[in-house]
Amino acid sequence: MSGNGRALVLGGGGIAGIAWETGVIAGLAEQGVDVLGADRIIGTSAGSTVGAQITSGVPLPDLLARQIDPALHTPELDSGVPMEELWARFQQIAESTPDPEAQRREIGAQALAAETVAEAERRAVIEARLPVHDWPERDLVVVAVDARTGEPRLFGPDDGVPLVDAVAASCAVPAVWPCVTIGGARYMDGGIRSSTNADLAAGFERVLVLAPTPEMGEPAWSGLTGAVEVIEPDEASLAAFGTNALAPSSRTPSAKAGHAQGRAIAAKVAALWG
């Protein structure tokens, strides 16, 4: 659907990003701003997890509790990868060539060569994250990138690809988690194309972007012609993320900070969302 309507864009940001986005959405809802009625939901990496969760039919308070209460946390793996080094490596690749697809192919080559946990072990983490494993009857777009070609892949309810596999592909941080095999292709994190992929909301009249992580280049929403509101972590939320957004310990503080931020910005979002 395009030409009118509302799109909700959920960007990447690791475990902290999942918790923060969930908190923001729950905080908005408590103040009477229900963004779950979006005509299209675009999820990248952490945002793909959140997109699958908020369209699962599980009430928002329950989803928030799953992030805040340690007793309800689903199992996560500790990446053991220094994130500063990883981002520096990606930045170096980005500066080495102006061709985005060439950049993605180089990152993909590193992703395919990296020693990681087994695909099945990582898939079990994603499976536990999602309370429902069937695609919703919604316009949900899950973004991944073909690690060999650098081309984006947009998964949706009509693809015949299991939801868990699509989300696992979108969350496959290069050189941290294994690329995901789907139909003979190997896929990596959709955030390698853009941390939000907000340009996929082109044509919608109103677009709300939750962006836990800054874009590495020009913001993907810069070319949108509709009304756009971009929500980035406030100072308290950034402090809650800590130095490693992939760390499981970031979950509870990030959810709490996002919840408070969502409540605080509700009036601003309501002006966009209607």
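This is a guided tour of a predicted model, moving from the whole chain to chosen helices, residue pairs and single side chains.

**The whole chain**

Begin with the entire chain displayed as a cartoon. Its secondary structure comes to ten helices and eight strands. Along the principal axes, the C-alpha trace spans about 45 × 45 × 35 Å. A compact globule of 274 residues would have a radius of gyration near 19 Å, and the 17 Å of this chain agrees with that. Colouring by accessibility separates inside from outside: buried residues make up 54% of the 274 residues. Contacts may be shown next. Among those with a separation of 6 or more, 73% join residues 24 or more positions apart.

**Helix H4 and its two faces**

Select residues 83-96, which form helix H4. The helix has 14 residues and reaches 20 Å from its first C-alpha to its last, close to the 20 Å expected at 1.5 Å a residue.

Which residues of H4 are buried? Show the side chains of Met83, Leu86, Phe90 and Ile93 to see them. These residues lie on the same side of H4, because they cover an arc of only 90° around the axis. The spacing follows a general pattern: an α-helix has 3.6 residues a turn, so residues three or four places apart point the same way.

Now add helix H5, residues 100-113, to the selection; the buried residues of H4 pack against this helix. Then rotate the view to the face of H4 turned away from its buried side. There the exposed residues Glu84, Glu85, Gln92, Glu95 and Ser96 are found.

**Salt bridges, starting in H5**

The structure holds ten salt bridges, and three of the pairs are visited here. As a general matter, side chains of opposite charge can pair when their charged atoms come close.

With H5 still in view, select glutamate 101 and arginine 104. They form a salt bridge whose closest N and O atoms are 3.9 Å apart. The two residues are three apart in helix H5 and are therefore separated by about one helical turn. Their surroundings can be compared by accessibility: glutamate 101 is partly exposed, with a relative accessible area of 29%, whereas arginine 104 is buried, at 9%. Add Arg105 to the selection, since salt bridges that share partners join Glu101, Arg104 and Arg105 into one network.

**Two pairs across the sequence**

Next, select arginine 129 and glutamate 76. Their side chains meet in a salt bridge of 2.8 Å, N to O. Arginine 129 lies in helix H6 (residues 119-129) and glutamate 76 in the loop between helix H3 (60-68) and H4, so the pair ties together parts that are 53 residues apart in sequence. Is arginine 129 buried or exposed? Its relative accessibility is 5%, so arginine 129 counts as buried. Glutamate 76 also counts as buried, at 18%, because the cut-off for buried is under 20%.

Continue to glutamate 30 and arginine 263, whose side chains meet in a salt bridge of 2.7 Å, N to O. This pair links distant parts of the chain: glutamate 30 is in helix H1 (residues 14-30) and arginine 263 in helix H9 (residues 251-264), 233 residues apart. Glutamate 30 counts as partly exposed, at 43% relative accessibility. Arginine 263 likewise counts as partly exposed, at 39%.

**Serine 170 and its surroundings**

Select serine 170, which lies in helix H7 (residues 163-170). The residue is buried, with a relative accessible area of 0%. Which residues does serine 170 touch, not counting those up to four places away in sequence? Display Gly43, Thr44, Ser45 and Ser48, then Val142, Val143 and Ala144, and lastly Asp189 and Gly190 to see these contacts.

**Two cysteines**

The final stop is cysteine 171 together with cysteine 179. A search of the whole structure finds zero disulfides. Cysteine 171 is in no disulfide, and the nearest cysteine sulfur, that of cysteine 179, is 13 Å away. Why is there no bond between them? The sulfur of cysteine 179 is too far from that of cysteine 171 for a bond. Both side chains can be checked by accessibility as well: cysteine 171 is buried, with a relative accessible area of 4%, and cysteine 179 counts as buried at 2%.

Technical notes
Residues are numbered from 1 along each chain as its sequence is written. This is a predicted model: local features need pLDDT of at least 70, side-chain atom pairs count only at pLDDT 80 or more; totals for chains, interfaces and linings use all residues. Side-chain values use heavy atoms; hydrogens and water are left out. Helices (H or I, at least four residues) and strands (E, at least two) are DSSP runs, numbered from the N terminus. The expected span of a helix is 1.5 Å times one less than its number of residues. Buried means under 20% relative accessible area, exposed over 50%, partly exposed in between (1.4 Å probe, protein chains only). The arc is that of the directions from the helix axis to the C-beta atoms. Contact means heavy atoms within 4.5 Å. A salt bridge is a side-chain nitrogen of Lys or Arg within 4 Å of a carboxyl oxygen of Asp or Glu. A disulfide is a pair of cysteine sulfur atoms within 2.5 Å. The radius of gyration is taken over C-alpha atoms; the globule rule is 2.2 Å times the number of residues to the power 0.38.
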